[in-house]
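Below are my notes on the model you sent, set out as numbered points. Please read them alongside the sequence and the coordinates.

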Amino acid sequence: MDFRLGEDSGDFRSEVVAFLDEHITPELKERVYRTGVSHDDAFTKALVERGWYAPGWPVEYGGGGLDPIEMLVLYDELRVHDAPTYGIGTTTLVASVIREVGTDAQKAAILPRALAGEIVIVLGFSEPEAGSDVAAAACRAVPDGDDWVINGQKMFTTNAHIGDYVFLLARTNTEVAKHRGLTMFLVPMDQAGVEVQEVRTMSGERTNITFYNDVRVSDEWRIGGVDDGWNTMTVSLRLEHSSGYASSLERLLRAGETWARETVDAEGRPRVEDPDVLEVLGRTAASLEVSRLLMRRSIWVGQNGMEVTAQGPMSKLFSSEALERRSEEWVEVMGPDGLRSYFDPTAPVNGELEHMLRHSLGTTIYAGTSEMHRNMIAQRALGLPRSK
Amino acid sequence: MDLRPTDEQQQLIDAFSAMYAKESSPDRVRVAETTQGFDPRLWDRLTEMGVLMMAVGESAGGWGASMLDLALVAEQHGRTLGSAPLIEAVVAARLLERVGATTSLAQQLSGERLITIAVAPAGGGIAKMVPAGAIATDVVVLIDGDLVLAPIGADRVVPENSGAMPVADVAVCDGEMLATGTDATAAFDAALDEWLALTGAALAAIAARSLEIGVEYVKEREAFGQKIGAFQALAHRLADSAAESDGAGLLAREAAWAFDMEPERAPLLAAMAFAFASETARDATYRSLHFHGGYGFMLEYDIQLYFGRARAWARVAMSPTQAYRRVGARRLAATSATAAGGE
């Protein structure tokens, strides 16, 4: 057994940190927060030029050709630095699906532009009436000659207002079981009938509800088979293999520790001497270490041909729930000062901890709620019956 | 990173797993409860297999096993609730080696004496709730700033306790001075770090085994026309314990590994492993016991054995809250050292 991350990860990490220190300026961070848009053209271009836009993709596609450990380090630092990568994440996810199941024409049309950072692809899975039960999607696609006509709504289509395409899950068959009547499309956003309505969230991130009113999409933009959309979705879910929030816990720990070192209480005693502060610091450090181990294990089992059960869901569940809990504890232990908002000039450590609590609420919901992950763990790791 | 045990580590796991299956069955654990929580036959088998020899270096006449090897044994010990002073005797032996108490160490290795360690400092001349204090001949104790190897007299008080542990309150009168001043506290702290790491490994295994027992039960038991494991009210809490238990196991192995491979991180990781494993074992044993319904409350079912030890094995040293404070202090010390080193 060996718990070292890798021989060279120290040097590579320094390279990444230097790059991010240069490009993630305080102004960029504040703009991302104030607009709620986790995407920035200049930063995206810089990542493309550095070869880190699609770090795990083969070099012949324009990817970075990084090994899994380097990718882990890169993703880790991107999140610790709170880099605006949400649009990049969804774009490369959809690009990966197209690489696996798309036609040659689709690959030629999308992949080069995606990997050059020229287009943004957003996700259109959830609906107002279909969240965790995503296969209950009601948004309809009806064939009309060589086209499909789409009518319906999608929820949480983050970045739709700057997106070029939406990767849309639509119902194409109402006569069969719900999983078997779905089809995926790549729908151009810039057309009549597509309406984007802003939705603001607790964390400050802007997302959207999108409306599709007689939107036409050519059958050439169907991704995967007709009524085979569930399998295409499954490809995208499988590609999200290394989900976890260790790096967010790292950000929380650094901010909390900085606050504790820099602050004294009303009697002038350093907060680092307060047993309550020490406890929260200790709990956060432990949550971080466990989250790291669970995430690295989920990657390791996949790479080493070990049996994959629920290592991925354990990583996502534990780290997101721990992030929420530890954020609560930091804000509580800070007393009234913990209420001061992110980027408020009076806020300690720039209000990072206040923001992290709001941010953490989304992490236990998106990419599969904690409840869905508990179901997966119960069935796959513990062998319990399917539960309701 | 490589999470697979090496061939040698796997052989070690297999050998101890087979021995514990035979010598620490639930029946044997129950029998040992009638003899102050000590099973002399299990202890004989452990010493025959060389657990004390493993603990010390070759120059002291031992085999120089790694802390990770010792943690793999501690896992099997926790899994089967071994009624023997494995961790205390191993940690005491390593401490005696470090402070150069050659004669006492030789007697510990030969079995002439059984030396344990008081994991909480003594106060008022008495070391309270000393693990293995009921059966040991001597105890290493931090008292008034000195580290002393004290004989345990006939006046020791052996309390009945909720973990069926062979603990004792020991009056410390005289003994062999092992270290004084900062040397004493440093030697005690180093031993306590090792005890925390190995106990963390044992507690993580208690969590894993108690979760298995709970899962086995909810897969069999039916209520309202279905297996009760199909109810999310149960399944989801077991799923939380599954993630925590896996995390505790990984962290305990990482902490033990660090003693030999990244020693500067070991004190931090040891406290973390103990804190996290003791909470995880506490919650997993509670959930598994509770999901047995009334049966879990009956002494006849094994889960109650795990419930008691998950608490007692940890609590003789400190609560999870105290352990997390220790983690916080270790983290501050580590980041201060890094900052100072970088200047």
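1. Glu329(A) deserves a careful look in this predicted model, because 22 other C-beta atoms lie within 10 Å of its own and the cut-off for a buried residue is 20 or more, so that Glu329(A) counts as buried. The residue is found in helix 10 of chain A, and, when residues up to four places away in sequence are not counted, Glu329(A) touches Val280(A) and Arg283(A). Arg296(A), by contrast, is 33 residues apart from Glu329(A) along the chain, and the C-alpha atoms of the two are separated by 26 Å.

2. Helix 10 of chain A, spanning 311-333, also has a part in the interface, since 36 residues of chain A are in contact with 43 residues of chain B, and helix 9 (275-303), helix 10 and helix 12 (370-380) of chain A each supply at least two residues of the side that touches chain B. The largest share of that side comes from helix 9 of chain A, with 15 residues. Sorted by class, the side of chain A that touches chain B has 22 nonpolar, 12 charged and 2 polar residues.

3. Helix 3 of chain A, which covers residues 41-50, has Phe43(A), Thr44(A) and Leu47(A) as buried residues. These three lie on the same side of the helix, because the arc they cover around the axis is only 100°. Ala42(A) and Glu49(A), on the other side of helix 3 of chain A, are exposed. Just after this helix, Gly51(A) takes a positive phi of about 85°, a detail to check in the backbone.

4. Which residues have the most contacts inside the largest nonpolar core? They are Ala197(B), Met272(B) and Ala273(B), in a core of 221 residues, to which helix 8 of chain B (residues 181-220) gives the most, with 21 residues. Leaving aside neighbours within four places in sequence, Ala197(B) is in contact with Met67(B), Phe259(B) and a series of alanines, namely Ala71(B), Ala252(B), Ala255(B), Ala256(B), Ala270(B) and Ala273(B). Ala273(B) thus appears both among the residues with the most contacts inside the core and among the contacts of Ala197(B).

5. As to confidence, the model scores ipTM 0.97 and pTM 0.96, while chain B averages a pLDDT of 96, with 99% of its residues scoring at least 70. A general caution still applies, namely that predicted coordinates should not be read in detail where pLDDT is low.

How values were computed
Residues are numbered from 1 along each chain as its sequence is written. Chains are lettered from A and ligands numbered from 1 in the order in which they are written. This is a predicted model: local features need pLDDT of at least 70, side-chain atom pairs count only at pLDDT 80 or more; totals for chains, interfaces and linings use all residues. pLDDT is the predictor's confidence in each residue, from 0 to 100. A residue is buried if 20 or more other C-beta atoms lie within 10 Å of its own, exposed if 12 or fewer, and partly exposed in between; C-beta atoms are placed from the backbone. Helices (H or I, at least four residues) and strands (E, at least two) are DSSP runs, numbered from the N terminus. The arc is that of the directions from the helix axis to the C-beta atoms. Two residues are in contact if their C-beta atoms, placed from the backbone, lie within 7 Å. Ala, Val, Leu, Ile, Met, Phe, Trp, Tyr, Cys and Pro count as nonpolar, Asp, Glu, Lys and Arg as charged, and the others, Gly among them, as polar. A nonpolar core is a set of buried Ala, Val, Leu, Ile, Met, Phe, Trp, Tyr and Cys residues joined through C-beta atoms within 7 Å.
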